[in-house]
Structures are given as C-alpha cells and as structure tokens.
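Open the model in your viewer and keep the sequence panel visible. The tour goes from one selection to the next.

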Amino acid sequence: MATRILVFGSPAASVPAAVAKATAINSSAGPFEALILVGPVFTPATPDDVVDQIIGGELKFPVPTFFYRTRDLPARLAEHIDLAGRVATNLTCVGVGGVVKTKKGASIAGLGPGFDDRDVQELKFHTGIDVLFTHDWPADIATASAGSGRADVAATPKDSRVRDLALLVQPRYHFAHSPGPFWEREPFKNEGYLSAGAGGERPTRFIAIAPFANADKNKWFYAFTLTVPFRPAPLPDGTTANPYLEAAARKRDAPEEAQAPRRRRRERRDRAPRRVDPSSCFFCLSNPALAQHFITSIGDEAYVATAKGPLPQTSGALGCPAHVLIIPLAHVPTLSLIDDDASRKATVAELARFRDALTRMYEANALVPLTFEISRAGGVHFHVQVVPVSPAAAATVAEHAHALAADAGYALDQRTAGDPADDGDEYFKLACGDTVLHMSLANGVRFDLQFPRRVAAAVLGLPDRADWRACTQTEAEEAADADAFKRAFKSFDFTLE
Ligand SMILES: [Zn+2]
C-alpha cells in the first residue's frame, strides 16, 4: 500500500500560517496521510490565543500531524497532552520513546532536543522504523557524501547518540531540524539485518529541513510516497556506502601516529591479537547484524540479552528459559582492558546492578541464579551468563563442578560469596548461592569454553542440552522468550525506572 507523507520544517514562527499552508498543499497536491513537523513547533513565544485555538480545535491541521517534544512547551499545551501524546484532533506529540503508526501502517518515531539516554534506549528497540525525525543531526552523516564539502553542513552540530540510534533502527527516511540549510543527502546503504536475506536493499534517505517559510528561502517542505510494509528493492542510483560504518572504518584505519598510544597499550596488555572488530562482534550494539530480538534491557554501561540456544527450556513459574547474558557495552575481552578508569568502574558497578536485579527476580520466583564468566585477554567480548536453577539444584553446584573439573584436569578454588580474594584479570568463575568456584586462567592455561555450560547442564539435570547448538530455536520462539522474560523482569529492571 502506498502512503504519501508531507514534511515541514519548524513552524515555530507562525503555527497558523503552517496550518493554512498545509491545508492548501493538501488540497492541491494531496491527499497526504500524515504531516511531520521537524523542529520546534510550540515555544514560550507562541501567542496564548494560538495555544487556545489549537487546544479548542479552531486551528486544526488538515491531516494527522506529528511533532516531537521540546523542553519548553507552553505549560497549558503540555498539560493538554494525553498519555497517547494527543494534543487535539490531528495533532500528536511523539513523546519519549514514542513510535506512532499511520492508518496505512507507516511507523514514525521522533526524538526532540535535549533527550536523555533513556529516550534513545527506548527507541533502539524499534528496529525498522519507516520515518525517524530528530532535532539533532547524526554524527558522521556527511561521511562518504558530496555534502562533506559543504561548509554549512560541516558547521551544523551533530550528535553521536543520534548516529548510534540511526545505525540501529535503519529508518527509510531520516529528517533532522536544520536552523539554516536544506540538505538532502544521497541515499545510503544499510548493511546487516534489515536487508539480510530479503533479496534487496533498504537504503536510508537523510534530509535536513529548514524552518517553515524562512526568509532565506531554503527549502522547508518535502513530500514523499512510502510503500508499506517495506519491500526490498534495488538501490537507487547514487547510493553511497553507509556513512556511519564508513566513518568508523576510517577512524580504525587512521594513521599509525594518531593511534599509537592506545595501540602500545594494547600490545602490552593483550596476550593474543584481537581478531574480532565491534562491527562483526556478536555482542557489540554497533554491529549492524546484531540480532536485536534477544535484547531485553539496555543500561548506561551494559545490557541484558536472552541466550541463543538457552540451557533450560523453561524455568519454573517464569514460563520461559530466563537464561540471560549481561554484556558490557565496551568491546573488551576482560574488564581490566577498559582503559578509562571511570568507565571501567561504572561498568563493573552496572554489571553488579543487573546481577542484583536478576537475583531478586529469580528469588521472587523461587529460583537461584547460577552465573558464570570467562575473562581472557584472548577472548572477544566479556559477558556474564545467568541461568536460573531451583534451590535444590543450587545445593549440588560444588559437587557437579568439582566432578567435571576433575575429568577435565582443572583445579577449582572454592570460595564463598563475598570472599574478597582478587579474581585477577584472566579467570573463570562460576557462582551460585553462597558457592563461588574460581580458576585462574593466567599464563596461557588451556580452558574449554564449554566447561561452564556443562556444569550448569549437570546441575539442571539436562546433560543433553550442554551444547547450545542442540538447543536452537526459531526466531519467533526466541522473540517470544525474550518478550516473556521482559515482562517477568519489568518490575525489577532499573533501566525502566
Ligand atoms: Zn564486542
């Protein structure tokens, strides 16, 4: 189905003029299914009578119209916005983390100025948005474009969080507010999950739109037709590489001198060469091919995802496997390799916070978390696995672990929870209830990465499920389990507070 959408730049200077113009364009060139207003609409300077007429319905946009929330909305108008973001007939504020759908099914998401990280995190779950409109321009958007030569494009401030969001949700159209120039970038390719296997491509068009009826006569409106649902198609002429990935690649390939201090540090600390880049890492959010449907919570320093090939098929009253991974956002094989002291401490603290929240959730369901982690400089991306077990099974952890360790020729150091002994930088650790089993992996000790899962499978009495490859699910099953987990975790999840 085709839907036609009209876009205006910021009409803050005169909302009544924008209503009149939209009405005229809709009758001469329409009908349009939606109007998107990119940029501030209502400000402290908006006359009271205009606010009254909007709320009272005397001043009405001709078609469903969307704007993003700004911090300085007139109080009377802000009070009038209901939970669904409606201000009046045909006028909706796309609020925090909000995604709206038109009647024909086009999904539209907006992100105003001064957003916080939580707003972005909410939107990150909505992969495949058709139209994203943001106040801020995404960082690196001019990379690989002829627009990189324009001074006005270069001078416009850009935000790396908007870039990261756009890279994840891969909108078909991305509009941004421009205080000055109009700029329509060449379409660019999206690599990864949205086009993978679909037999075509899903490019993004980025358009920075000038304020409504501006004196400089920069283009302030844009009309386009979308086919929904999206169908992959050949790339249009002039399509460029993905600017975000291209910029990341150029930074990686930057001259030796620019990266020398960091590289030296890595050489000193890494025993094995790092072979996996964030762009192809299974656990990096910046990997465009990352399987989004596993992700259940995103914090400031770490996120939680359900496990691929979960060990238990279901866990007691939870009604889902609830086998999850806590994963730092930093692409490091050991936490000690996070160079910045403050971010390393913040990461350690948030991993613990997730672990505590999960423990409370499991306990509320009469379960105990069994956690395990492998920290090795030669690894790829550190993470902690968490599997819920019954209290009776938890009591057998030490016994099973020591027996399997003896078979494998490992010596596990048994500690109790809260033991202040240092884990070291390279280690294996498995914990359940009061039992903590630790083994140093320093000095190139050989260690079977599947060992911890074998222990957990023995504890659960599920030896046939020790190999995760024997436990694969369909994507629909994976998504359903992740949803069930999210529901169960909701009241414990501090990232939603
Ligand atoms: Zn990674």
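Two strands pair if DSSP finds at least two bridges between them. Strands (E, at least two residues) and helices (H or I, at least four residues) are DSSP runs, numbered from the N terminus. This is a predicted model, in which local features need pLDDT of at least 70 and side-chain atom pairs count only at pLDDT 80 or more, while totals for chains, interfaces and linings use all residues. Residues are numbered from 1 along each chain as its sequence is written, and side-chain values use heavy atoms, with hydrogens and water left out.

Select strand 5, residues 91-94, together with strand 3: the two pair in the parallel sense over four bridges. Thr-92 in strand 5 is the bridge partner of Phe-66.

Now add strand 2, residues 34-38, which pairs with strand 3 in the parallel sense over three bridges. Here Phe-66 is the bridge partner of Ile-36.

Stay on strand 3, residues 65-68, and show the side chains. Thr-65 and Phe-67 on one side, and Phe-66 and Tyr-68 on the other, are all buried (under 20% relative accessible area, with a 1.4 Å probe and protein chains only).

Move to helix 6, residues 160-169, and helix 7, residues 243-252. They pack at an angle of about 120°, with their axes 10 Å apart; axes are lines fitted to C-alpha atoms over the stretch in contact, and angles run from 0 to 180 degrees between N-to-C directions. The two helices are therefore oblique to each other (not under 35 degrees, over 145 or 65 to 115).

Finally, select Arg-163, Ala-166 and Leu-167 in helix 6, which meet Tyr-244, Leu-245 and Lys-251 in helix 7 (heavy atoms within 4.5 Å).

Notes. Buried < 20%, exposed > 50% of the residue type's maximum accessible area, 1.4 Å probe, protein only.
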